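Here is a friendly walk through the side-chain contacts of one protein. Please keep the sequence and the 3D view at hand as you read.

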Amino acid sequence: MSNKEMKEPSVETKIIKKEDKVKFKLTKTTKTFWSGTLYQIEATANFGSIKKGELGGWVEKEDNLSQDGNAWVYGDAWVYGNAWVYGDAWVYGNAQVYGDARVYGNARVYGDAWVYGNAQVYGDAQVYGNARVYGDAQVCGNAWVCGNARLEAKAGFKLGWFIGGDDTGKIKDITDKTGSDYWENQYVLGDYEIEDLEEKEEKETIKIGNNTYDKSEVESALKNVKSL
C-alpha cells in the first residue's frame with residue numbers, strides 16, 4: 001500500500017485510544033468546600049489493586065491524580081488546588097494534599113495528615129496521624145512522619161521516624177531542624193538523615209583561555225592592578 005493510500009486514523013479511533021489510557025473519571029457525586037467543589041473518583045479500568053467501577057476519594061480536578069501508574073486516592077481523602085499524586089503513591093483515610101504539593105513514588109499519606117505548600121513526599125516515605133508537612137519540606141527515602149509532628153524546614157527528611165508531642169523511647173530533640181515551633185519539642189526515633197536543601201548562591205564565573213575563574217576574584221585582582 002502506498003503512502004497516499006494510507007489513511008490517517010479517524011477521530012473516533014483517536015478518542016478510543018485516548019480513553020484506553022484513562023484509569024479514572026470524575027463522578028457526579030460532589031461536595032463543596034471552602035475553595036470550590038470536590039468530585040468523587042471512579043476507576044474506569046483495572047490497575048494495581050483497584051478494580052474497574054471502584055469508587056475512590058475526592059479531587060478537585062483530573063489533574064490532581066495521574067492517569068498513569070497505580071497512584072490512587074481512597075476513602076475520604078482530599079486532593080485539591082495544584083497538588084498532584086502520581087507514580088504508585090496512595091492518599092487515604094482523612095488525609096489532605098493541596099497547594100502545590102507532590103506525593104509520588106511509593107509514598108503513603110493517610111490518617112488525618114496534611115501535605116501542602118510546596119512540600120514533597122516520595123520514595124517509600126509515609127506521613128500519617130495528625131502530621132503536617134508543608135513549606136518546602138521534602139520527606140523521602142524511608143522516613144516516616146507521624147503523631148503531631150510538623151515539618152516545614154527547607155530540608156530533605158530522608159531517614160528516621162519523626163514524631164511530635166511524644167517523649168518516649170530513645171529519641172533526640174530536633175525541633176530547630178524541623179523548622180517548626182508549633183510544638184515545644186519534636187523528636188526523631190532511631191537513626192535519622194536530614195539533607196539541607198537551602199539553595200546555594202551560584203557564583204558568576206569568567207572563562208579566560210582554558211581556565212575558569214570566579215568573577216568576583218577577577219574584579220578584585222583588576223582593582224588591585226589599577227591601584228598600583
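## Cysteines

Let us begin with Cys-146, which is buried because its relative accessible area is 4%; buried stands for under 20% relative accessible area, exposed for over 50% and partly exposed for the range in between, with a 1.4 Å probe and protein chains only. Cys-140 likewise counts as buried, at 5% relative accessibility. How many disulfides does the structure hold? The number is 0, where a disulfide would be a pair of cysteine sulfur atoms within 2.5 Å. In chemical terms, a disulfide is a covalent bond between the sulfur atoms of two cysteines.

A word on the basis of these values: this is a predicted model, in which local features need pLDDT of at least 70 and side-chain atom pairs count only at pLDDT 80 or more, while totals for chains, interfaces and linings use all residues. Residues are numbered from 1 along each chain as its sequence is written, and side-chain values use heavy atoms, with hydrogens and water left out.

## A buried arginine

Next, have a look at Arg-150 in strand S17, residues 150-151. Strands here are DSSP runs of E with at least two residues, numbered from the N terminus. Which side chain of opposite charge is nearest to Arg-150? It is Glu-152, 9.1 Å away, and Arg-150 is buried yet has no salt bridge. For charges, Lys and Arg count as positive and Asp and Glu as negative, while His and the chain ends are not counted. A salt bridge asks for a side-chain nitrogen of Lys or Arg within 4 Å of a carboxyl oxygen of Asp or Glu.

Arg-150 does meet backbone oxygens through polar contacts. Its side chain reaches the backbone oxygen of Asn-130 at 3.0 Å, and a polar atom of the Arg-150 side chain lies 2.9 Å from the backbone oxygen of Asn-148. A polar contact is a pair of N or O atoms within 3.5 Å; within protein, one must be able to donate a hydrogen and the other to accept it, and residues adjacent in sequence count only if both atoms are side-chain atoms.

## Aromatic rings

The structure holds 21 aromatic pairs. Rings of Phe, Tyr and Trp (for Trp, the six-membered ring) pair if their centres lie within 6.5 Å, and planes under 30 degrees apart are called stacked, over 60 edge-to-face and the rest tilted. One of the pairs is Phe-33 with Trp-34, edge-to-face at 6.1 Å centre to centre and 80° between the planes. Phe-33 counts as buried at 10% relative accessibility, whereas Trp-34 is exposed, with a relative accessible area of 71%. Tyr-98 and Trp-114 also form an edge-to-face pair, with 6.2 Å between centres and 75° between planes. Tyr-98 lies in the loop between strand S8 (96-97) and strand S9 (102-103), and Trp-114 lies in strand S11 (residues 114-115), so this pair ties together parts that are 16 residues apart in sequence. Tyr-98 is buried at 15%, while Trp-114 is partly exposed at 29%.

Ring pairs link these four residues with Trp-78, Tyr-80, Tyr-116 and Tyr-134 into a cluster. Trp-114 has a charged partner too: the charged end of Arg-132 sits over its ring, 4.1 Å from the centre. The charged end of Arg-108 sits over the ring of Trp-90, at 4.0 Å from its centre. The criterion is NZ of Lys or CZ of Arg within 6 Å of the ring centre and within 35 degrees of the ring normal.

## Salt bridges around Lys-158

The structure holds 2 salt bridges. In one, Glu-193 pairs with Lys-158, the closest N and O atoms being 4.0 Å apart. This pair links distant parts of the chain, 35 residues apart: Glu-193 in strand S20 (residues 186-196) and Lys-158 in strand S18 (residues 155-164).

Glu-195 and Lys-158 also meet in a salt bridge, at 3.6 Å from N to O. Glu-195 lies in strand S20 and Lys-158 in strand S18, so the pair ties together parts 37 residues apart in sequence. Salt bridges that share partners thus join Lys-158, Glu-193 and Glu-195 into one network. Lys-158 is partly exposed at 29%, as are Glu-193 at 39% and Glu-195 at 37%.

## Two threonines in strand S1

Thr-27 has its place in strand S1 and is buried, with a relative accessible area of 12%. Its side chain reaches the backbone nitrogen of Thr-29 at 3.2 Å, and a polar atom of that side chain lies 2.8 Å from the backbone oxygen of Gln-40.

Thr-32 is found in strand S1 (residues 24-33), but is exposed at 66%.

Terms used
Helices (H or I, at least four residues) and strands (E, at least two) are DSSP runs, numbered from the N terminus.
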